[in-house]
2 protein chains.
Amino acid sequence: MAGKAAPLYRKVAGDLRAAITAGEYGSGARLPAEDELARTYGVSRGTIRQALGALRTDGLVTSRRGARRVVLGGGGARLQSFEELRSFARWARSQGEEPGGRTVAVDPGQATEEEAYHLRLPVGERIFRVLRVRTLSGVPVMVERTTYPERVGELVAAMDPGLASHADELEAHGVLFSDALHTIDVVPADAADAELLGCRAGDGLLRERRRSTDPAGLPVEWSQDRYLPGTVAFTVRNSSGSRAMGRSLNGS
Amino acid sequence: MAGKAAPLYRKVAGDLRAAITAGEYGSGARLPAEDELARTYGVSRGTIRQALGALRTDGLVTSRRGARRVVLGGGGARLQSFEELRSFARWARSQGEEPGGRTVAVDPGQATEEEAYHLRLPVGERIFRVLRVRTLSGVPVMVERTTYPERVGELVAAMDPGLASHADELEAHGVLFSDALHTIDVVPADAADAELLGCRAGDGLLRERRRSTDPAGLPVEWSQDRYLPGTVAFTVRNSSGSRAMGRSLNGS
DNA sequence: GAGTGGTCTAGACCACATC
DNA sequence: ATGTGGTCTAGACCACTCT
């Protein structure tokens, strides 16, 4: 079964990515020139540039006008290359971990001002609040509090409480996750966190708040995840050219 | 004095960005088609696409084949748009805060295995370790432990201990920061952190570890910053198309 | 001065959304 | 059926790096 034909530039990017991680181009090595790559792959320079652009935002190579591109990545060691927007379950599987989830509560309700703001709904609109505990290989590592707009919440409410991945199930129902804005900080565990995660109240937890939207720009979730210290870390790459990250004051 | 001529696509991107934040296109509004923008700006469609690509990675607009682009950003409210790779001092100033710094210690030494790995140097190579306390409006908010390769460390060692921005000074000496890989997690404060930040040992601190490289791909610093809870949060955007972020196991 | 990446153009075809 | 964005081509000129 042939998959849906990938664009040319993705094939080229995949090839180069593989060549780099396979060690054909070590750290600090210089890539072939764009014109040369265009000849060897039999495509135009524009396509090569599109592929190299992807490697650039992945942080695998640098580029500066006038000089050959230089390989940045792993000096022999593995530097995990992260793709796309990933749900907890998908990320866990990609790490060779077994993701689990237990839905503690699903409550319909009316949007507070904060929820309404993040979901772009009128205050008081019907929403669903879901509280879940997420596990890796059976060990609780994260508490997830998510607010869904009604149309999405209804789907979630109907799911098996032990389902490992809500995201997969939602996509099967046509709810797609396209863009997300994340805010990461530290917050003390409250009583509920402490009980669910088996830590002490007041312990510092790694918090990720996230608003996700579908391809049309409609918010599909507003979530607040709290991770036990030492279980996960977040990684971000950025470049002078491709702005992808920032700090912000307070946790507001 | 005319500034160095900005590329066309940046002007277009700036124009559109301004139009969006000025409210000409509210949240959910549809942008003009690429062809129309190309005509109104008198440039080719490729240039328009380059500009729109920048807005896309900024998280200002979505895009899907077949449909007009949709504005994502703030529903009337300010959604701070972060640019580029920023030093602590520059970021603070952009937030209207007064950044400060106090260099506690500068020690020449030999690279440990970890330092050597991150700076891509042989173990035992000469490096400089710098310990600084960073303040906002005079209040300590962060402890910064940075390891520099010798050529950079020598410059830092010669700087005024009260200098607010090492990055500005380094750039003036031709040391440029181009790419960075950040890892964010939570770590308990040690005795030194507690004293310098005025918290208790064991308190959870927000930790950012960072390796920065120059435009040629050479590492220029390996840093570990520890922030007092509640002082800063990190924000990240990502999309299905432009991969920019990931989680990783452990803090290793 | 030769090589290389950054920018820009003018056109083409296709897949998908929308009406 | 039409409009729109995604992909691709083939050229061009310039700014910069390297030697």
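Two strands are taken to pair if DSSP finds at least two bridges between them, and strands themselves (E, at least two residues), like helices (H or I, at least four), are DSSP runs numbered from the N terminus. In this sense, Thr146(A) has Ser223(A) as its bridge partner in strand 6 of chain A. The structure is a predicted model, in which local features need pLDDT of at least 70 and side-chain atom pairs count only at pLDDT 80 or more, whereas totals for chains, interfaces and linings use all residues. Residues are numbered from 1 along each chain as its sequence is written, chains are lettered from A and ligands numbered from 1 in the order in which they are written, and side-chain values use heavy atoms, with hydrogens and water left out.

The secondary structure of chain A amounts to 8 helices and 8 strands. Of the 252 residues of this chain, 50% are buried, where buried means under 20% relative accessible area, exposed means over 50%, and partly exposed covers the range in between (1.4 Å probe, protein chains only). Chain A exposes about 11,500 Å², of which carbon and sulfur atoms supply 50%; the areas come from the Shrake-Rupley method with a 1.4 Å probe, and for residues only the protein chains shown count as cover. Among the contacts (heavy atoms within 4.5 Å) in chain A between residues at least 6 apart in sequence, 57% join residues at least 24 apart.

Strand 6 of chain A spans residues 219-227, and because 9 of its 9 residues are buried, this strand is largely enclosed by the rest of the structure. Strand 3 (residues 139-149) runs antiparallel to strand 6 and is joined to it by 6 bridges, while strand 5 (residues 204-213), also antiparallel to strand 6, is joined to it by 8 bridges. Within the latter pairing, Arg209(A) has Gln224(A) as its bridge partner in strand 6. Strands 5 and 6 of chain A form a hairpin with 5 residues between them, and in the turn Gly217(A) has a positive phi of about 90 degrees.

The loop between helix 3 and helix 4 (88-94) of chain A contains Thr62(A), and Ser63(A) is found in that loop as well. Thr62(A) is buried, with a relative accessible area of 1%, whereas Ser63(A) is partly exposed, with a value of 27%. When residues up to four places away in sequence are not counted, Thr62(A) touches residues of both chains, among them Arg56(A), Arg69(A), Ser178(B), Asp179(B) and Asp214(B). On the same basis, Ser63(A) touches Arg56(A) and Arg69(A). The side chains of Ser63(A) and Arg56(A) make a polar contact at 3.5 Å, the term denoting a pair of N or O atoms within 3.5 Å; within protein, one must be able to donate a hydrogen and the other to accept it, and residues adjacent in sequence count only if both atoms are side-chain atoms. The C-alpha atoms of Ser63(A) and Gly53(A), which are 10 residues apart along the chain, are separated by 9.3 Å.

Around DNA strand C there are 24 residues, of which Arg45(A), Arg68(A), Leu8(B), Ser44(B) and Thr47(B) come nearest; a residue is near a strand if one of its heavy atoms lies within 4 Å of it. Sugar and phosphate account for 69% of the atoms of DNA strand C that come within 4 Å of the protein. Phosphate oxygens of this strand lie 2.8 Å from a polar backbone atom of Glu34(A) and 3.0 Å from an N or O atom in the side chain of Arg69(A). The largest share of the surface near DNA strand C, 4 residues, comes from helix 3 of chain B.

DNA strand D is surrounded by 23 residues, the closest being Leu8(A), Ser44(A), Thr47(A), Arg45(B) and Arg68(B). Of the atoms of DNA strand D that come within 4 Å of the protein, 68% belong to sugar and phosphate. A phosphate oxygen of DNA strand D is 2.9 Å from a polar backbone atom of Glu34(B). Base nitrogens of the strand lie 2.7 Å from a polar side-chain atom of Arg45(B) and 3.0 Å from a polar backbone atom of Gly66(B). Helix 3 of chain A gives the largest share of the surface near DNA strand D, 3 residues.
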